[in-house]
Amino acid sequence: MKTRSTRLWNTLAGASLIIFLVFTYGVLFQQAWVHSFDNYWYHTIHHFATPPLTAFFTYFTKLGNVMPLIAFVVGTCLILLVVNHPKASAFLFINTLGLAIPVNTIIKSLINRPRPKLAHLVQVHSSSFPSGHSMSIMILCGSLIIIVNAFLKKQSEKVMLDLLFIVMIILIGISRIYVGVHFASDVVGGWSLGFCLLRISKFVFSKIGGEPL
């Protein structure tokens, strides 16, 4: 069972790496298929636009901002320490604040893709690829899924929380396109790179003694 799970993780991480590299190439060399991909998803998402949905996504996307992210991570890490799960706390802290934010900042500065030339419903101050919100939420919620499945005993609770975290990942990504600050390729790039980093971190932590992850 463990071997099967490891193979699945490795397969998904390998696929994510390929996706990230393909989209990075497409963005750097301004491939036509990237423009078509971005255009398709922008119009598909905005086909459902309504004033209530605009208000929702304008608020919801801010949950992935740096300060709310830091506050949530620090609070959750403290809770994990209180309930005597120091390795899980370190896993979450390093993944989100030690990997996601610095790596995203470096890659954004190297690729330096301009933001979409659309009306931005929220303020942004950096370049576009990969989406920091999408990358951070993938690593954050992915880490929480790993922790939840390691420590919760009831299968129903695991499934319910896993679904909640997956929905969060998807909605944050969609919100970045909806509010006009990211291309769909930025979001996919953020998700795929985030998953790769999560797999690397999970592998490293699995080699460290202590409670399972």
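## Exercises on a predicted helical model

S136 touches L69 and A100, leaving aside residues up to four places away in sequence, where contact means heavy atoms within 4.5 Å. The structure is a predicted model, in which local features need pLDDT of at least 70, side-chain atom pairs count only at pLDDT 80 or more, and totals for chains, interfaces and linings use all residues. Residues are numbered from 1 along each chain as its sequence is written, and side-chain values use heavy atoms, with hydrogens and water left out.

**Exercise 1.** Find the helix that holds S136, and decide whether S136 is buried or exposed.

*Solution.* Begin with the place of S136, which is helix α6 (residues 132-151); helices are DSSP runs of H or I with at least four residues, numbered from the N terminus. Next, take the relative accessibility of S136, which is 7%, and compare it with the cut-offs: buried means under 20% relative accessible area, exposed over 50%, and partly exposed in between, with a 1.4 Å probe and protein chains only. S136 therefore counts as buried.

**Exercise 2.** Describe how helix α2 and helix α8 pack.

*Solution.* Two packed helices are described by the angle between their axes and the distance between the axes. Here α2 (residues 32-46) and α8 (residues 184-206) pack at an angle of about 100 degrees, and their axes are 8 Å apart; axes are lines fitted to C-alpha atoms, for helices over the stretch in contact, and angles run from 0 to 180 degrees between N-to-C directions. That makes α2 roughly perpendicular to α8, a word used for 65 to 115 degrees, whereas under 35 is roughly parallel, over 145 roughly antiparallel, and the rest oblique. Finally, look for the residues that meet: V34, F37, D38 and W41 in α2 are in contact with A184, S185 and V188 in α8.

**Exercise 3.** Work out which residues the salt bridges join into one network.

*Solution.* A search of the whole structure finds two salt bridges, each being a side-chain nitrogen of Lys or Arg within 4 Å of a carboxyl oxygen of Asp or Glu. In one of them, the side chains of D38 and R113 meet at 3.0 Å, N to O. D38 lies in helix α2 and R113 in the loop between α5 and α6, so this pair ties together parts that are 75 residues apart in sequence. D186 also forms a salt bridge with R113, with the closest N and O atoms 2.7 Å apart. This pair links D186 in helix α8 to R113, 73 residues away. Salt bridges that share partners thus join D38, R113 and D186 into one network. As a last step, check the burial of its members: D38 and R113 are buried, and D186 is buried too.

Notes:
Helices (H or I, at least four residues) and strands (E, at least two) are DSSP runs, numbered from the N terminus.
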